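Me: I would like to learn how to read burial and salt bridges in a protein model. Where do we start?

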Amino acid sequence: MTNSPGRWRVGFLTTAFLAATVCFFASAGTVQAAGEPAHTSRIMTELALQLALIMIGARLGGFVFNRFLRGPGVLGELIAGMIIGPYALGGIAIPGWGPVFPLSGGPLPVSTELYGIAMLASIILLFLSGLETDLATFMRYSLVGLAVGAGGIVFSFIGGAACAVYFGLADSFLHPAALFLGTIATATSVGLTARILSEKRRLGSPEGVTILAAAVLDDVLGIVVLAVVVGMVRAERSGGTPAWSQIAVLGVRAILFWVVFMAVGILLAGRLTRVLKRLHSMNTIAAICLGLALLLAGLSEMAGLAMIIGAYIMGLSLSRTDIAYELQDQLRGIYSFLIPVFFCVMGMLVDFHAVGKVLAFGFIFALVAVLAKVIGCGLPAWLMKFNLRGALRVGVGMVPRAEVCLIVAGIGLSTGAVGQDVFGVAVMLSMISTMVAPPVLLRVFENGSGVRGSERMKKEEVRSVVIELPSAEVAEFLFSRMAQAFRNEEFFVHRLHTDIPTYQIRKEDMAFTLIQEGSHITLNMPARYQHIARFIVLEELLSIQDLLDSVRRMKSPDSLGAELLSGVFDR
Amino acid sequence: MTRRADYGQYHFMLMKMNLQKLLTPETVVLDLEATDKEGIIAELVDILVRAGRISAAAREEVLRSVMERERKMSTGIEHGVAIPHGKSDAVPELVAALGVKREGLDFDALDGQPSRIFILAVSPADRSGPHIQFLAEISRLLSEPGMQQKILDARSVEEIISLF
């Protein structure tokens, strides 16, 4: 009985909401009929309604997939997009309004405004993946990473393009469909692998690091390939097949853009962050950095490349600065809202009718693309320093395709270079590879070492100090005090979202980790910078003495408790 | 990769500059006279007073802060190096002095060995940054192979300063 007012309120609100919705749709038709000024308002209303459905639909799809089907949430978001999109439920007309997702006349089935939001999401996504890249690790494993990345690119590009030609989707390797299918097949999304390996604590293993290094190269080369392909397709559309000399020019231009902006970015990033830090507001700094990423995205589009290239370069430039983790933290909010929108909109682009015709092809293409990565990446790994088990791990780790593959396909679709059928194939590849890779990856990482007996990965000398404390409570308390002590020394301290409490601590070139396991606190530090880390922790430990003294001066808990309770029954 | 090296060098140059600003002929002595821990610290503080780095009025307060830190845990580290230090608002900025006592004396060092090289550092209580950086940098330099011997073998104050 006690909750009946609550029920009344819910009932009233629901009725009011439904009534308002009905009135809204009934009046919408009249507003639209009123004339031209209503046009923008109509578009904006449509966008708001679409985003509302997407936000809710994508999240629910991701939730269902994650919770009940134990698959990656991304797939749920994609499928939600397919279900609510213009080719399915979204295409059904609502009386007095029309379809929520009307088919637009252009090459894309969704409105330019909605696609723009998805593009913004992809820019943020690539900016973040650039930020998350560990350039130092990449450099250390660059040789084997180079071979693995390049092997994967060559095998999958040729495999993808050959598939297109063999099945008659393209008449030659230079046909836009062949070029795009080749590019789509190359784009590894290492995020999924990284997440699985970090959960299994294998990301730091030789295989894990090689996969990460190869993924950076894969991104870079993939982006160069994309730039060349986009250029070739544009050239072809403005008249005739592009000559090889033109292709060479495009390649050189893409690489030049990459090298020049990367060099400028890395050279200036340190100085830029030093200036920005004077603003003393991480919010403002993050906003400015995102602004710069968008600026570079625009510039790269103007240079005839894709927007994501500029965003990725900006992220990579900032990845080695001490604000990288803070930036990631700041951007995570906007990321977690927009990324489901991105995958959902990508799902909406799937025309079931067109995909139906290429279903068999899609399966074969996905199979070829998966095998191409396993062989193309595994072979160089096996030739260089891994045994067969290690090579298989590296190969499988490079299999997942998700966002980059969809972005590439989306660019193809929006420029009109490829049709709905090719886009559908890309969606199939990303779905099949993200479903297949995780279980296989878990299986291949089960047993012993994947490195050949004689090979040992060279690592920078790292010192560890273990501090033993009387209890886990004391350790937990000191753990956060130590993190604060590093913050006070102007270090950027970042709490990792792992099962074991871990802080990642960075300032300029210095990087330490602080780990609490039960009553132990472990401090890991590169030998070159061990002194500063040791002194900071030591001085913090000693300052506890002052704290203990002040605790001794505190009133006894009894009398404090008495003060707290006195007067509790006063009237 | 070049950037990593540049950064390290830049950082190092910055510190090197600071060290030479802090350790001057007036704040470095070859032969400390005191024969116990408290005496050594007082002697180093007096060097700073004479060099004009801290005022005579601040002497007692600085001494107290360094001794207080010493009571929590000895700053006699290992291999004959001791870095007594403290924080006190009696100094406007980080000040440091270096002294040598070749025959060594008991400074309650962690390894139980007599201490021979003493570096005193005092900085304002509220300021973070330079204090720890100085301690870290000086101990990094002193842990370089042969560095301690070079300081002990130095014939003049200038020779010691040139090592930093």
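Reply: Start with the words for burial. A residue is buried when its relative accessible area is under 20%, exposed when it is over 50%, and partly exposed in between. Keep in mind that this is a predicted model.

Me: What share of the residues of chain A count as buried?

Reply: Chain A has 571 residues, and 51% of them count as buried. The chain exposes about 26900 Å², with 66% of that supplied by carbon and sulfur atoms. Its secondary structure comes to 21 helices and seven strands.

Me: Now the salt bridges. How do I recognise one, and how many does the structure hold?

Reply: Look for a side-chain nitrogen of Lys or Arg within 4 Å of a carboxyl oxygen of Asp or Glu. Over all chains, the structure holds 18 salt bridges. One of them joins the side chains of A:Arg393 and A:Glu207, at 2.8 Å from N to O. This pair links distant parts of the chain: A:Arg393 lies in helix H16 (residues 388-397) and A:Glu207 in helix H9 (residues 206-237), 186 residues apart.

Me: Why does A:Arg393 count as buried?

Reply: Compare its value with the cut-off. A:Arg393 counts as buried because its relative accessibility is 0%, and the limit is under 20%. Its partner A:Glu207 is also buried, because its relative accessible area is 2%.

Me: Which helices does the pair A:Glu540 and A:Arg481 link?

Reply: The side chains of A:Glu540 and A:Arg481 meet in a salt bridge of 2.8 Å, N to O. A:Glu540 is in helix H20 (residues 530-553) and A:Arg481 in helix H19 (residues 472-488), 59 residues apart. As to burial, A:Glu540 counts as buried at 13% relative accessibility, whereas A:Arg481, with a relative accessible area of 24%, is partly exposed.

Me: What about chain B: is B:Glu103 buried or exposed?

Reply: B:Glu103 is exposed, because its relative accessible area is 56%. B:Lys101, at 5%, is buried. The two form a salt bridge, with their closest N and O atoms 3.4 Å apart. Salt bridges can also share partners: B:Lys37, B:Glu70 and B:Asp108 are joined into one network in this way.

Me: Back to chain A. How much of its contact pattern joins residues at least 24 apart?

Reply: Count the contacts between residues at least 6 apart in sequence; in chain A, 73% of these join residues at least 24 apart.

Notes:
Residues numbered from 1 in each chain as written. Chains lettered and ligands numbered in written order. Predicted model: local features only at pLDDT ≥ 70, side-chain atom pairs only at ≥ 80, totals over all residues. Heavy atoms only, no water. Helix = DSSP H or I, 4+ residues; strand = E, 2+ residues; numbered from the N terminus. Buried < 20%, exposed > 50% of the residue type's maximum accessible area, 1.4 Å probe, protein only. Contact = heavy atoms within 4.5 Å. Areas by Shrake-Rupley, 256 points an atom, 1.4 Å probe, with all protein chains shown as cover.
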